[in-house]
Amino acid sequence: MTAHMSAADKAKYFAARQAATYVKSGMKVGLGTGSTAEWLVKCLGEMVRDEGLQIQGVPTSERTGALARQVGIKVITLDAAQRLDITIDGTDEYDPDLCLIKGGGGAHLREKIVAAASDRMVVIADESKTVDTLGAFPLPVEVIPFGMRTTEALIAAALVDLDVAARDITLRMAGDAPYVSDEGNHIFDLHLKRIGDARKLSQALNQIPGVVENGLFIDICKVIVVGHDNGRVTVTDGTDGGVQELQLEMPDTDRLFADLGV
Ligand SMILES: O=C(CO)[C@H](O)[C@H](O)COP(=O)(O)O
């Protein structure tokens, strides 16, 4: 049977494969969460197995930790690592200034803590994640369960004074129950359609008691690696604005799936 890889999967895989080249032996690496980051973890696992790459990984979620161990990456805690050389993670949106919305996978709290502890955050994505202005993707806001409806009311009140195009708030669900993050919290998704001032919004949200962290990543991502399904990869360096275009070889999907165990 021929292994099938969707166009989106190919794009994510190429971004991950290129970003994996930044990882060198001896590094402490933050491992992101989501379907794009999973390709990265699999690529790094293959490098550990086949090339003797020696790294220590700090996962940003329980599910990424489980996958990292499964593919042979040594997993340590953030406190054991203290400082990381690099974090590679996916995103839900990125704008021309490399500001992000993350948290579609419900892991933005740990993702932001890990990214902030890293010398460099590299984001991997496919083209569908690019936007001129953030906000089409609902902005996740993690809140503690205690008094969460009161916190929601404070969020709604704060939004009135902010430059956004819509103000709907929904509680993220997992089946019939509120979604629970790895930290035991819940998530409100803010349907804003367009965020006029992401920095101001982020600061306003994080000042509300009960809010733990929002999904806006501002001035954190340094490099974005965007994959295309034909193997083209665009690397944008946010520090100097440099753009590099690369062409990676198409994988033999049967061999790739066997190698990466997908
Ligand atoms: O922020 C995230 C998880 O909290 C993910 O990076 C984001 O949701 C992108 O996921 P995917 O790579 O599956 O599109």
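**Figure 1. Helix α2 passes helix α3 in a right-handed crossing.** Everything in these close-ups comes from a predicted model. Here we look at helix α2, residues 35-51, beside helix α3, residues 62-70. Their axes come within 9 Å and cross at roughly 25°. Since angles under 35 degrees count as roughly parallel, α2 is therefore roughly parallel to α3. On the α2 side, look for Ala37, Glu38 and Val41, which meet Thr64, Leu67 and Ala68 of α3. Sort the residues of this contact by class and you get four nonpolar, one polar and one charged.

**Figure 2. Helix α1 meets helix α2 at an oblique angle.** Now turn to α1, residues 7-20, and its meeting with α2. The two axes come within 8 Å and cross at roughly 45°. That crossing angle makes α1 oblique to α2. The crossing of α1 and α2 is right-handed. From α1, the residues taking part are Lys12, Tyr13, Ala15, Ala16, Arg17, Ala19 and Ala20. They meet Ser35, Thr36, Trp39, Leu40, Cys43, Leu44 and Met47 in α2. By class, the contact of α1 with α2 divides into 10 nonpolar, two polar and two charged residues.

**Figure 3. A shell of 18 residues sits around the ligand.** Which of them come nearest? They are Gly34, Thr36, Gly90, Gly104 and Gly105. Two elements, α2 and α5 (108-116), each give two or more residues to this shell. Helix α2 gives the most, with three residues. Split by class, the shell around the ligand has two nonpolar, 12 polar and four charged residues. If Thr36 rings a bell, that's because you've met it already: Thr36 is also one of the α2 residues in the contact with α1.

**Figure 4. His186 is buried in the model.** You'll find His186 in strand β12, which covers residues 186-191. Is His186 buried or exposed? A residue counts as buried if 20 or more other C-beta atoms lie within 10 Å of its own, and His186 has 22 of them, so His186 is buried. Who are its contacts? Leaving out residues up to four places away in sequence, His186 touches Val143, Pro145, Met148, Leu171, Pro178, Tyr179 and Val180. For a sense of scale, compare the position of Cys99, which is 87 residues from His186 along the chain. The C-alpha atoms of His186 and Cys99 are separated by 24 Å.

**Figure 5. Gln82 has a positive phi, although Gln82 is a residue other than glycine.** Its phi is near 65°. Where is Gln82 placed? Gln82 is in the loop between α4 (78-81) and β4 (86-89). With 12 or fewer other C-beta atoms within 10 Å, a residue counts as exposed; Gln82 has 10, so Gln82 is exposed.

**Figure 6. Asp219 is another residue other than glycine with a positive phi.** This time phi is near 60°. Asp219 is in the loop between β14 (216-217) and β15 (221-227). Is Asp219 buried or exposed? Count the other C-beta atoms within 10 Å and you get 10, so Asp219 is exposed.

Methods:
Residues are numbered from 1 along each chain as its sequence is written. This is a predicted model: local features need pLDDT of at least 70, side-chain atom pairs count only at pLDDT 80 or more; totals for chains, interfaces and linings use all residues. Axes are lines fitted to C-alpha atoms, for helices over the stretch in contact, and angles run from 0 to 180 degrees between N-to-C directions. Helices (H or I, at least four residues) and strands (E, at least two) are DSSP runs, numbered from the N terminus. Angles under 35 degrees count as roughly parallel, over 145 as roughly antiparallel, 65 to 115 as roughly perpendicular and the rest as oblique. A crossing is left-handed if the near helix is turned anticlockwise from the far one by less than a right angle, and right-handed if clockwise. Two residues are in contact if their C-beta atoms, placed from the backbone, lie within 7 Å. Ala, Val, Leu, Ile, Met, Phe, Trp, Tyr, Cys and Pro count as nonpolar, Asp, Glu, Lys and Arg as charged, and the others, Gly among them, as polar. A residue is near a molecule or strand if its C-beta atom, placed from the backbone, lies within 6 Å of it.
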